[in-house]
Amino acid sequence: FLASPHTLGTPPPDETTPQLQFAWEENVDLAPKQQIGRTGTGVAFTIPITGGSFSGPDIEGSIVPGGADYQLKDRNGDFHVDAIYMIKTSDGAFIKVVNEGIAHYDPNGLVYFYTQPKFTAGDGKYSYLNDNVFVGRGLFQGTKLIIRFYQIVQ
């Protein structure tokens, strides 16, 4: 463990504070949820992913139908999300997305969430997705999901 002059809760110097860089926005089409039922830790259900699109400064394409968001609503009313799906770039590359996080209701009844996505891309133009850290911020709107991904950069 490295010694540090900073105590827990003290922010690091500004020159080391990570920044977020917008990567892309997804507009995901969803099917109605499929109830799994009550478990020992909450109520489980699945939301099928039926398609959609995404675009950003250096990437765009479509959401491949067939993925799903596996959710658990816990006893506190929070949703634990675990989405697994594929995206296809406009130049034909397939990228696997595993997007885990937690969702909450806001005071207006909207469901918003934060995630830590992991991407699996082949060698080439999009391989940087394999080796960098991203965060997601999303909002459920009926049968649509809007999520923005940001890369953490120094």
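In the predicted model, the largest cavity is lined by Leu30, Ile49, Asp69, Val81, Ala83, Tyr85, Asn99, Phe113, Thr115, Phe140, Leu145 and Ile147. Two or more of the lining residues are given by each of the elements β5 (79-89), β7 (111-120) and β9 (144-153), and the largest share, three residues, comes from β5. When the lining of this cavity is sorted by class, nine residues are nonpolar, two are polar and one is charged. The volume of the largest cavity comes to about 90 Å³, and a search of the whole structure finds one cavity of 30 Å³ or more.

The protein around this cavity is built with zero helices and nine strands, so that strand follows strand in the pattern β-β-β-β-β-β-β-β-β when the chain is read along the sequence. Among the contacts in the protein with a separation of 6 or more, 47% are accounted for by residues that lie 24 or more positions apart.

With regard to overall dimensions, the C-alpha trace of the protein spans about 50 × 45 × 30 Å along its principal axes. Of the 154 residues of the protein, 34% count as buried, a class that takes in residues with under 20% relative accessible area. The area that the protein exposes is about 9,200 Å², and 55% of this area is supplied by carbon and sulfur atoms.

Methods. Residues numbered from 1 in each chain as written. Predicted model: local features only at pLDDT ≥ 70, side-chain atom pairs only at ≥ 80, totals over all residues. Heavy atoms only, no water. 1 Å grid on protein atoms, 1.4 Å probe; cavity = no way out; pocket = protein on both sides within 12 Å on 5 of 7 lines; lining within 4 Å. Points joined across faces, edges and corners; volume = space filled by probe spheres on them. Helix = DSSP H or I, 4+ residues; strand = E, 2+ residues; numbered from the N terminus. Nonpolar A, V, L, I, M, F, W, Y, C, P; charged D, E, K, R; others polar. Buried < 20%, exposed > 50% of the residue type's maximum accessible area, 1.4 Å probe, protein only. Contact = heavy atoms within 4.5 Å. Areas by Shrake-Rupley, 256 points an atom, 1.4 Å probe, with all protein chains shown as cover.
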